[in-house]
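Welcome! Here is a short briefing to help you find your way around this model.

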Amino acid sequence: MIYINLLIGFLKVGLFSFGGAYAAIPMIRDIVLEYGWMDEDALMNMVAISESTPGPIMVNLATYVGCSRAGILGGILTTIAVVVPAFTIIILAIIFMEKAPKNKYVSAVFHGMAPSIIGIILATGLYMLLKISIRPLMNDTADIRPVLMTALLLTVFYGSRKLLKKKMSPILLILLSAVMGVIVYGV
Amino acid sequence: MLVTLFFTFAKIGLFTFGGGYAMISLIENICVEQKKWITHNEMMKVTVIAESTPGPIAINCATFVGYRQRGAAGAIAATLGVVTPSFIIIYLITVFLERFLEIQGIMNGFKGIRIAVGIMILDASINMIKKMHKTTLAYVILCCSFLAMMLNSIFSWGISSIAIMLTAAAISLVVSAVSGIPSGKKGEEK
């Protein structure tokens, strides 16, 4: 039953995504790959769209998976599921303000989970980049375009930060990469 | 008031690009400075709570402000407000995107965009490492989780990322119980 899978999947995402949308991406990836709802390419298209449309990215991702798999009802279910844990936790936090984090064992759990999720996000990002840029090299055609584009975008992204002392906005990065894709693959 | 809460947060949801952190500054601007619904200190406090609790950060903030104004009903109005614009926009995109992606030029564009997405995810984790509690245990957990997830992806083992996180939490709990000091302070004493 797709609705139940969507609901349970995104309740888990809402409950374990400490640190915002980027923490949710590896979990959503687990879910969509496990059920065969999307492949890696479709997943990355979705992340790009969720990044460049307004609103909370995690909500965008949840709505997207729900709507694209099971229409508007699916979208409503996944959106509610991803929001309910955060909603409940904040209301509990207001009521019991600051009691819980002082408990030694609660803080030990947090201190264990925080670096773990950072490692998971790092691995997800790196794996995606390697898969896009290195794998085409090993095909018969030995396509070097992706690895060159990756190197160029990384240089522009981090180079502009060093030079301008300002972080390049994600939307600008997405636009730039889109233009690059159109030119490199189109010509 | 409930209607005002809904539309204020719908506006915030509609005009923030780039997710939670962009939204926090807009919430601060509207709810603290303009409408004086909450104080700056409360806003700081909720941001800290939002960062250490799961779920979308924007939802945490909206729920907090709504609850402070009108209790549970206010919390629901504000949360619905922040979610509604996203929902409508994404719904429309999913309806039209499939056909849109069949155009060759658009597909090429998305091939480029995938690289940008990888870079953004990588950059998010680098920023998180900079802000992390820097203890020996934290670095060990970070490296092990990274390796586990990387091998998991390469060999398609099917271990869920939640399982890795729960293992890390258990290890941290055991270390804290055995050493008798909170794991967060461990490295600072060495």
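Where helix 7 of chain A and helix 5 of chain B cross, the crossing is right-handed. Please keep in mind that this is a predicted model, with an ipTM of 0.86 and a pTM of 0.84.

**Where the two helices meet**
- Helix 7 of chain A covers residues 145-164, and helix 5 of chain B covers residues 104-131.
- Their axes come within 10 Å and cross at roughly 50°.
- That angle is why helix 7 of chain A counts as oblique to helix 5 of chain B.
- On the chain A side, the contact is made by Met149(A), Thr150(A), Leu153(A), Leu154(A) and Phe157(A).
- Their partners in helix 5 of chain B are Gly112(B), Ile115(B), Ala116(B) and Ile119(B).
- Of the residues in this contact, 7 are nonpolar, 2 are polar and none is charged.

**How chain B is divided**
- The domain assignment splits chain B into domain 1, residues 2-100, and domain 2, residues 104-189.
- Taken over C-alpha atoms, the centres of domain 1 and domain 2 of chain B are 27 Å apart.

**How confident the prediction is in chain B**
- Chain B has a mean pLDDT of 87, and 93% of its residues reach 70 or more.
- Within chain B, confidence is highest in helix 6 (residues 136-155), at a mean of 94.
- Confidence in chain B is lowest in helix 8 (residues 183-189), where the mean is 42.
- Residues 183-190 of chain B have a pLDDT below 50, yet this stretch has 22 contacts in the model beyond near neighbours in sequence.

Methods: Residues numbered from 1 in each chain as written. Chains lettered and ligands numbered in written order. Predicted model: local features only at pLDDT ≥ 70, side-chain atom pairs only at ≥ 80, totals over all residues. Domains from an automatic or database assignment. Axes fitted to C-alpha atoms, helices over the stretch in contact; angles between N-to-C directions. Helix = DSSP H or I, 4+ residues; strand = E, 2+ residues; numbered from the N terminus. Parallel < 35°, antiparallel > 145°, perpendicular 65-115°, else oblique. Left-handed = near helix turned anticlockwise from the far one by under 90°. Contact = placed C-beta atoms within 7 Å. Nonpolar A, V, L, I, M, F, W, Y, C, P; charged D, E, K, R; others polar. pLDDT = per-residue confidence, 0-100.
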